[in-house]
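Trainee: I'd like to learn how to read a structure like this one. Could you walk me through a few features?

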Amino acid sequence: MLELSPPLVLLSGPTGFGEYLKLVDPKYVGGVILKTVTLHPKKGNPTPRMADGDFYVINRIGLENPGIHAFIRQIPQLSIPTIASLGGDSFEEYLEVSRIFKEVSERFCGVEYNFSCPNVKEGGLSIVEDTNRWKNLLNEIRTILPNTFLIAKVGIEGVFVEKAAKIVVDSGWNGITLVNTVRGLHFERGHMILGGLSGPLLKPIALRAVYEVRKMYPDLFIIASGGVYSVKDAEEFLNVGANVVGVGSALFKNPEIVEEIGRYLLEVKG
Amino acid sequence: MEKFCLTKKKSIRINEDTWIIIFEEYLDFLPGQFVMLETPKLVRKPFVLGYWEDNLAISVQVKGKGTKWLVEETRKVKGHGPLGNGFKKDGKGILIVSPTCLTMVNAFRKKVNVDVLVGSKTPVLVPLEFDVVVGNEEFLNKISTLPEYDWYLVSGSKSMEKVCWNHLRGKNVYFSLEEYMGCGIGACKSCAVFTKNGVKHVCTDGPIFRGDELCWS
Ligand SMILES: Cc1cc2nc3c(=O)[nH]c(=O)nc-3n(C[C@H](O)[C@H](O)[C@H](O)COP(=O)(O)O)c2cc1C
Ligand code: FES
């Protein structure tokens, strides 16, 4: 099991490759999940890439990243436990990126696979649709990385979270991150932005997902992701069974939120 | 970079929709740098730093709930910064700006001797000691008859940038870009700009870019 103290992580994306740690005192954060890295570099989508509504943030970054080779050359040296995030445009890319990652896997306390990015044309969300092929993929990744703490990040689209969780557990993976952003549409001064929705509106959806999966699997490691903006939000996720609470969009609002949640969790959870 | 809480001293209206907010505190910054400020909205917003009447100040164009709150409602503002890179060039330069950049202009004028041209869509309500042109046509006339400078820095709307590029390309011209920003510190990748040298980020590589580095379409 992965023990993070406090049980609070900065989620993949908003945290970048650790840049966000400039804004929070690391002693209040249990771990960091880095931005998703793919086999080839991605330059991401044209702007606008993000907007905020009253109760949500919407983004269409498009997985901008330097690619696995450049990433490996400059792995960020952070002072707290670090989880890498890997993604791909196809089954083959997920496998290839895993093989390359293997040589540095020991430098991370785990790796989260992004099976749920709504902002890329191939891979991302659609990878889970064919559940048989996805299951094979998880098995193959497990074979490539037999000793790594493997976490699957899934959303609520493409496949029911209950079904996804069963596949994750049956494939011998260690954990699951629930949920990723949900596809949304926002009008910004008359212009449509199609992207992934995060922030407060996502919280009840993420809470339900954690609740359902915890009911099925009392021992599965669960990272909660969706709309955590306060100590109360974090408590609710722990109440429904999350092992670790993640903050993403809240980082754009106020870094003090993170410290406040972290301080609280350190006191009550250690 | 630091995290801070600023206290508003006053707001001054400078044209139809733009205000200057003066703060009681000081921050150490270089001309061109910006801060991210928190409002009731879910994401902090970038504001270029400057001075007004010798006080730390920003200019705010009221566009929605967050900016209205900044101008009208709050006294305390949380934020982080200064962010981005300062801008410093030798020789005689000119700042070509919209009214939202008047505070930034004062930050430059404190350090270097520059000329200033302000282009505003609506009349400017405060007395200014430099050239102000009101309306698109006047602005065009002025831009096409500018004398030679060693460098030009343009900071305004996208349409102002385009007009300036059309008339000034080939010269040493720079643009202070505005993009939606999530973090201001290079983490979220929301502020990308596709340049001739690959993807750059306004918050960490900018906010000021050379005109000939940008892709103009
Ligand atoms: C700007 C932005 C970029 C993101 N990039 C990634 C990413 O690269 N990989 C990933 O697995 N999730 C990414 N996400 C999703 C977040 O990690 C998180 O799962 C989601 O935003 C929900 O949590 P929140 O409501 O706390 O933001 C991104 C989210 C945002 C807002
Ligand atoms: S605003 Fe987040 S990377 Fe520039």
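Mentor: Sure, let's begin with a term: a residue counts as buried if its relative accessible area is under 20%. Keep in mind that this is a predicted model.

Trainee: Okay, so which residues of S11(B) are buried on one side, and which on the other?

Mentor: On one side you have Trp151(B), Leu153(B) and Ser155(B), and on the other Tyr152(B) and Val154(B); all are buried, so both faces of the strand are covered. Strand S11 of chain B runs over residues 151–155, and because five of its five residues are buried, it is largely enclosed by the rest of the structure.

Trainee: How do I read the pairing of strands?

Mentor: Strands of a sheet pair through backbone hydrogen bonds, and the pairing is either parallel or antiparallel. Take strand S8 (residues 93–97) of chain B: it pairs with S11(B) in the parallel sense, over five bridges. Ile96(B) has Val154(B) in S11(B) as its bridge partner.

Trainee: In which sense does S11(B) pair with strand S12 of chain B, parallel or antiparallel?

Mentor: Parallel, over three bridges, with S12(B) covering residues 173–176. Look for Leu153(B), which stands opposite Tyr174(B) in S12(B). To get from S11(B) to S12(B), the chain passes through helix H4 (residues 158–168) of chain B, and this β-α-β crossover is right-handed.

Trainee: What about antiparallel pairing? Where should I look?

Mentor: Chain B has an open sheet of seven strands with antiparallel pairing, in the order S4-S3-S7-S1-S2-S6-S5. At its edges are S4 (45–48) and S5 (50–52) of chain B, each pairing on one side only. From one strand to the next, the twist averages 50°. For a single pair, try S1 (residues 2–13) and S2 (residues 18–23) of chain B, which are joined by five bridges in the antiparallel sense. There, Lys8(B) stands opposite Phe23(B) in S2(B). Helix H1 (residues 65–73) of chain B packs on this sheet, touching S1, S2, S4, S6 and S7 of chain B, and its direction makes about 70° with that of S1(B).

Trainee: And how do I describe two helices that pack together?

Mentor: You give the angle between their axes and the distance between the axes. In chain A, helices H5 (residues 203–216) and H6 (residues 231–239) pack at about 25°, with axes 9 Å apart. Angles under 35 degrees count as roughly parallel, so that is how H5(A) lies to H6(A).

Trainee: Which residues meet there?

Mentor: Lys203(A), Ala206(A), Leu207(A) and Val210(A) in H5(A) meet Lys232(A), Asp233(A), Glu236(A) and Phe237(A) in H6(A). By type, the contact has four nonpolar, four charged and no polar residues.

Key. Residues numbered from 1 in each chain as written. Chains lettered and ligands numbered in written order. Predicted model: local features only at pLDDT ≥ 70, side-chain atom pairs only at ≥ 80, totals over all residues. Heavy atoms only, no water. Axes fitted to C-alpha atoms, helices over the stretch in contact; angles between N-to-C directions. Helix = DSSP H or I, 4+ residues; strand = E, 2+ residues; numbered from the N terminus. Parallel < 35°, antiparallel > 145°, perpendicular 65-115°, else oblique. Contact = heavy atoms within 4.5 Å. Nonpolar A, V, L, I, M, F, W, Y, C, P; charged D, E, K, R; others polar. Pairing = 2+ DSSP bridges. Buried < 20%, exposed > 50% of the residue type's maximum accessible area, 1.4 Å probe, protein only. Right-handed = clockwise from strand over helix to strand, strands pointing away.
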